Amino acid sequence: MEIGTPETVKEVLINADQLRSRVAELGAQITADYDGKNPLFVCILKGAVMFLTDLLKNVNIPSQVDFMQVSSYGGATESSGIVKIIKDLDISAEGRHVVIVEDIVDTGITMKHLIELLSARRPASLNICALLDKKERRLVEIPLTYVGFEIPNAFVVGYGLDYAEYYRNLPFIGVLDPQVYRS
Ligand code: IMP
């Protein structure tokens, strides 16, 4: 099986129409909730990029966007929740109404660390908007204000989410054939 090819995606979990309408709903909800608050959207690279751009087209209030990239340390230290900042914000989060835009919350370890990191910068408020919630895998409790879809425990790709940097371009969320990562 060649990585990145259509036959390696065994099932479409969320199609493009479903994504479009749910993301529009989230954008409308955020527009209502943040009216007059000038929110700062913090997009977590790279997986949340496609979600962010579609979401923002549905946010009709003054707002700003910035990007952050983090990576989990692998191996033994991963469960300790240590994440390394690869790219930090350019805009200060202090006193801002921050909305973290993330592709997927899985164990929650990455998000827990991000919350700690951004809370320390004293934002006026801090909420999370996650496209996907893989709830049954959660190891640490994370308060998610906005969730696109709850999904079962499967490795998913597409609409920004990758496996080995492939599949981000797919316009839907699909389940990756386990043969791809087992081989
Ligand atoms: P967590 O720290 O375990 O919650 O992992 C969060 C990160 O793992 C996400 O931001 C993704 O980059 C990655 N991830 C977790 N599950 C998946 C998946 O099913 N597909 C693609 N990436 C995933």
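Here is a chat between a visitor and a guide about the structure above.

Visitor: What kind of model is this?
Guide: It's a predicted model, where local features need pLDDT of at least 70, side-chain atom pairs count only at pLDDT 80 or more, and totals for chains, interfaces and linings use all residues. Residues are numbered from 1 along each chain as its sequence is written, and side-chain values use heavy atoms, leaving out hydrogens and water.

Visitor: Which residues come nearest to the ligand?
Guide: There are 15 residues around the ligand, and D106, T107, G108, T110 and V156 come nearest. A residue is near a molecule if one of its heavy atoms lies within 4 Å of it.

Visitor: What makes the T107 pair with the ligand a polar contact?
Guide: A polar contact is a pair of N or O atoms within 3.5 Å; inside the protein, one must be able to donate a hydrogen and the other to accept it, and residues adjacent in sequence count only if both atoms are side-chain atoms. A polar side-chain atom of T107 lies 2.5 Å from a ligand oxygen, so the pair passes. T110 also has a polar side-chain atom 2.5 Å from an oxygen of the ligand, while G108 uses a backbone N or O atom, at 2.8 Å from a ligand oxygen. The protein covers 80% of the 490 Å² of accessible area that the ligand has on its own (Shrake-Rupley method, 1.4 Å probe; for residues, only the protein chains shown count as cover).

Visitor: Which elements give two or more residues to the shell around the ligand?
Guide: Those are β5 (97-105) and α3 (109-119), and β5 gives the largest share, four residues. Helices (H or I, at least four residues) and strands (E, at least two) are DSSP runs, numbered from the N terminus.

Visitor: Why are β1 and β8 called edge strands?
Guide: Two strands pair if DSSP finds at least two bridges between them. The open sheet runs β1-β9-β8, with antiparallel pairing. β1 (9-14) and β8 (156-157) each pair on one side only, so they are the edges.

Visitor: How do you know that β8 pairs with β9?
Guide: Two bridges join β8 to β9 (residues 173-176), so the minimum of two is met. In that pairing, V156 stands opposite V175.

Visitor: What does the side chain of R138 reach?
Guide: R138 lies in the loop between β6 (125-133) and β7 (146-150). Its side chain reaches the backbone oxygen of V105 at 3.3 Å, and a polar contact of 2.5 Å joins the side chains of R138 and D133.
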